[in-house]
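Reader: Please take one part of this model and go through it closely. I would like the cut-offs stated along with the values.

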Amino acid sequence: MMTRFGLLTKKQGMPPQDFNQHWEAVHGPMASRFPGLRGYWQHAVTDKEQFGISHARGVDWDLDGFSELHFDDEGAMLGAVNDDSFTPALTDETDFLQDVKIVACEKHKVVEMNLDDGPYIKRMTLLKRLPGISPERFRQEWLETHANFVRRWPGVLGYHQNLVVGRYCGSRTEQASHDEVPVDGIVEFWFRDKEAAAELYAKDIVTETQEHAKVFLDTITPYFVDSRQLV
């Protein structure tokens, strides 16, 4: 499965409610028609607080939303981009978006999501590796060592790692450089509520985990989001 995230910045001066309404009601149905689409979510940013994070925040990002589209593989993803149905969606972006960066990811479900029909909050976080850390070293540190730390956290409702394997800026078919799209991973984290998350972040195991993050991460940029599924 290939996961395609759009990193979205709304049009300058556009009220957040207008951005979200257009994204869901106008753009959403266009993207929902892409061939080969297996799932489509919109994650609207509600809070840009550096909640519980001791790391520096990335200066490259001030996002208003994440789109998340699932395809069987990279070929299916590129096939959707080259299909006639993609053109209206691409044209529509100019009506509500100031900037779009795209990352293609492998999704790794470290802690399977289990919400138990109760309330929850979701946080999505952009990760950028330290200068001098290779993509291979980043993969090992994050998917193996760091994931094993998080598996020991109590009270986590879900934790998914999305490892960036492709970047797109402007062109949706020709890959961009790391400098153009400086992100190496996207975290999806589910908690019961902010109070439970704050209690969790006060625990020693979380402190140990954040110490390990200093070994391989340059910046950590979290966002709380409201999510809706369209497909």
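Author: The buried residues of α1 pack against β1, β2 (39–47), β3 (65–71), α3, β4 and β8. Contact here means heavy atoms within 4.5 Å, and buried means under 20% relative accessible area with a 1.4 Å probe, protein chains only. Helices (H or I, at least four residues) and strands (E, at least two) are DSSP runs, numbered from the N terminus. This is a predicted model, in which local features need pLDDT of at least 70 and side-chain atom pairs count only at pLDDT 80 or more, while totals for chains, interfaces and linings use all residues. Residues are numbered from 1 along each chain as its sequence is written, and side-chain values use heavy atoms, with hydrogens and water left out.

On α1, the buried positions are F19, N20, H22, W23, H27, G28, M30 and A31. W23 is also the centre of a kink of about 35° in this helix, which covers residues 16–31; the bend at a residue is the angle between axes fitted to the seven residues ending there and the seven starting there. F19 belongs to a nonpolar core of 24 residues that also includes M14, I102 and A104. Such a core is a set of buried Ala, Val, Leu, Ile, Met, Phe, Trp, Tyr and Cys residues joined through side-chain atoms within 4.5 Å.

The strands that α1 packs on, β1, β2, β3, β4 and β8, are part of a closed barrel of 8 strands with antiparallel pairing, in the order β1-β3-β2-β8-β5-β7-β6-β4. Two strands pair if DSSP finds at least two bridges between them.

Definitions and conventions: Buried < 20%, exposed > 50% of the residue type's maximum accessible area, 1.4 Å probe, protein only.
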